[in-house]
Amino acid sequence: MWDYLKLVVFGLVAVFAAYAASQARDVAYLVHAILVMLIGGGMFVYSLRRIGEPKAEKTGYLDAPIRIGVALTAFWGAVGFLVGTFIAFQLAFPSLNFGWAEGYLNFGRVRPLHTSAVIFAFGGTALITSSFYVVQRTSGARLWNDGLAWFVFWGYQIVIVLAATGYLLGSTQSKEYAEPEWYTDLWMTIVWVGYLLLFLGTLMKRKEPHIYVANWFYLSFIVTIAMLHVANNLSIPVSIFGSKSVQVFSGVQDAMVQWWYGHNAVGFLLTAGFLGMMYYFVPKQAERPVFSYKLSIIHFWALIFLYIWAGPHHLHYTALPDWASTLGMVFSVVLWMPSWGGMINGLMTLSGAWDKLRTDPIIRMMVISIGFYGMSTFEGPMMSIRAVNSLSHYTDWTIGHVHSGALGWNGMITFGMLYFLTPKLWGRARLYSNTLVSWHFWLATIGIVLYAASMWVTGIMEGLMWREVDAQGFLVNSFADTVAAKFPMYVVRGMGGVLFLSGALIMCYNLWMTVKRSPAAEAGTDAQAAPAE
C-alpha cells in the first residue's frame, strides 16, 4: 500500500511541477520547476521499478545515508572553498567579474552562493551526517525510521540545489544567511520538521537510559533553527508561479527579526550543532572520557539560554532602540563565560593524552579547532561592545572574525570528523595516509592565519580611515581611498583561501584512497545496534 502511495505522490509532484513550469513568471522559478519535475519523475520511475522487490531485514545501524553524507560534506566543502577563493580574488581584481558572465557569476550573485555553500551545504550536511551517526551510537538504537532518514537527507540536498541555482539566476530575498525564496523556505520547513521527528523518535527508542550531552546540543540546534527559520522567512508570494515574495516584517522590525535569526544561525547551527560534534568525536579520537560531564551540562544550559538574546548587538547606531542593542551587547559579553567553559572542557579532555598531538594529526586538527572556537568566542563579545563596534562594524574586521570561526572552528572540527568516520564506515583499518592529514593541517592552519590576519589589519585600517577628519571636520578619505588601500591585504586573503582550498582537496583525495586502498579492518561489532560503550 505504501509503495503505491509513493507512486501517486511522486507522479503528482512531477505533473504539478510541469504545469508550474509552463506558467512560470521568471527564469529562476522555471528552472526550479523543471528540476522538481525531473526529481519527481525520477523518483516515480525508481519507485515503480522497486515494487515487488523483497524488503531487506533491518539490522544494526542505518549507515548508508551517513556514508553518502561523508562524501557530500567533503564535496560541498571543496565547492564552497573554491567559490570563496574566487570571490576573494574578484574583490582584489575586479576584472574577474567577467563581462560574458555578468548577471550570473559577478560578485553580487556568487557571494551568497559561497556563504550558503559553506554554512548550509558543507556545515549543514556535516551536522546531519554526524548527528545520524552519533545519535545511533550513543543510543544503541537504529534511526527511528529508514524512509524518513532518507527523506531528510535527500530533501536537504534539494534545498541546497534550489538555493544555489536560485542565487545565480537572481532569486533572492536579500536577507543575510536567509536568501532562498518562499518555496525553498517552505520545503526546508517540511524537511526540518522531518529531521526533528527522526531525531526525537530515535532518542525515544534508545536502549541507553542516559541521553549523552552531544545529543542535547544536536537537539537544541534542530529545534532552534526550526523556530528561527519560520519566523525570519514569513513572506507572501507575489504569485504561486513566481519566485518573488514580499516580507511580512518591514523596517526596523525586519532588521530585528533578521539579526535575531542571523546571529542565532551562528549560535545554534555553527556553534551548538558543532559542539555536539566536539563532545562526541574529540573523546573518541583521544580515547579519553569528557573531562567534566557536569561542566558540559552547565555549558549547554548557559549557552542556549544566553545565545538567543545576543542578536541585537548587530544593530548598534541604527533605528533600533538603544535598550535593545544594549541588551544584545550585555548577553554577548556574558556569553564569553560558558563558551570558554566549553573550550576548556574540550581541551582538558586530552588530559593524560597530550602526547597524541605529536603522533595523531587528527587530534591536532580537533585541538586547533577548539582553540579557534575559544578565540572567536572571545573576539565576538568584544566586538559587540558599542565602543569597539563603532570601529569594527561594516569593515573587514567582521569578515576576519567570521572566517576565523567558520574555517578554524567549524572547518577543522568537520575535517576531524570526516577523518574519524571514513575508515569506520567503510570498514578500513586506518586512513590511507596520516602524512596527507598533516599536510592538510598545516595548509589549512596557515591559510586561516593569512586570511584572519589580513582582514584584521585591513578592517582596523578601514575603520580608522572612515573616521579620520581634518581641522575643519571634513572626512579626509573617500570610500574609494579605503578600497585602494586594502588591495595588498585582499591579495593575502586570496592566497590564504588558496592554501585552505588546497588542504581540502588533499583531504578529498585521502578519503577516496582510504575507501579504495586502505586494508580492511578486522570484523567488529560497530555495525550492530549495541548499547554505547
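Mentor: Before we start, helices and strands here are DSSP runs, H or I of at least four residues for a helix and E of at least two for a strand, numbered from the N terminus. With that naming, Leu234 lies in the loop between helix H7 (213–232) and strand E1 (235–237).

Trainee: What sort of model is this, and how are residues numbered?

Mentor: It's a predicted model, where local features need pLDDT of at least 70 and side-chain atom pairs count only at pLDDT 80 or more, while totals for chains, interfaces and linings use all residues. Residues are numbered from 1 along each chain as its sequence is written, and side-chain values use heavy atoms, leaving out hydrogens and water.

Trainee: Back to Leu234, then. Is Leu234 buried or partly exposed?

Mentor: The scale first: buried means under 20% relative accessible area, exposed means over 50%, and partly exposed is in between (1.4 Å probe, protein chains only). Leu234 has a relative accessible area of 38%, so it is partly exposed.

Trainee: Which residues form a nonpolar patch on the surface?

Mentor: Patches take residues with over 30% relative accessible area and no salt bridge, joining like charges within 9 Å and nonpolar side chains (Val, Leu, Ile, Met, Phe, Trp, Tyr) within 5 Å. Areas come from the Shrake-Rupley method with a 1.4 Å probe, and for residues, only the protein chains shown count as cover. Here Leu234 joins Val230, Ile236, Val238, Val246 and Val248 in a nonpolar surface patch, with about 520 Å² of accessible area together.

Trainee: How do I check the length of helix H4?

Mentor: The expected span of a helix is 1.5 Å times one less than its number of residues. H4 (residues 107–139) has 33 residues and should span 48 Å; its end C-alpha atoms are 45 Å apart, which agrees.

Trainee: Where does H4 bend?

Mentor: A bend at a residue is the angle between axes fitted to the seven residues ending there and the seven starting there. H4 bends by about 35° at Ala117. The helix is also mostly covered, with 29 of its 33 residues buried. Just after H4, look at Gly140, where phi is positive at about 65°.

Trainee: What does Leu105 touch, setting aside its sequence neighbours?

Mentor: Contact means heavy atoms within 4.5 Å. Leu105 sits in the loop between helix H3 (64–92) and H4. Beyond neighbours within four places in sequence, Leu105 contacts Phe86, Gln90, Trp100, Val110 and Leu168. Leu105 is partly exposed at a relative accessible area of 33%.

Trainee: And a buried case?

Mentor: Try Ser384, found in helix H13 (residues 361–384). Ser384 has a relative accessible area of 0%, so it is buried. Apart from neighbours within four places in sequence, Ser384 is in contact with His313, His316, Met329, Ser332 and Val333. Another is His32 in helix H2 (residues 27–50), which counts as buried at 3% relative accessibility.

Trainee: How many salt bridges does a search of the whole structure find?

Mentor: Side chains of opposite charge can pair when their charged atoms come close. The cut-off used here is a side-chain nitrogen of Lys or Arg within 4 Å of a carboxyl oxygen of Asp or Glu. The whole structure gives seven salt bridges. One of them joins Asp146 and Arg142 at 2.6 Å, N to O, and both residues are buried.

Trainee: Which parts does the Asp254 and Lys175 pair tie together?

Mentor: Their closest N and O atoms are 3.1 Å apart. Asp254 lies in helix H8 (residues 251–286) and Lys175 in the loop between helix H5 (146–168) and helix H6 (182–204), so the pair ties together parts 79 residues apart in sequence. Both Asp254 and Lys175 are buried.

Trainee: What about Asp396?

Mentor: Asp396 pairs with Lys486, with 3.3 Å between the closest N and O atoms. Asp396 lies in helix H15 (residues 396–425) and Lys486 in the loop between helix H17 (479–485) and helix H18 (487–517), so this bridge ties together parts 90 residues apart in sequence. Through shared partners, salt bridges join Asp396, Glu462 and Lys486 into one network.

Trainee: Which way does phi go at Glu287, positive or negative?

Mentor: Positive, near 55°, and Glu287 is a residue other than glycine. Glu287 sits in the loop between H8 and helix H9 (293–307) and is exposed, at a relative accessible area of 64%. Tyr317 also has a positive phi, near 60°.
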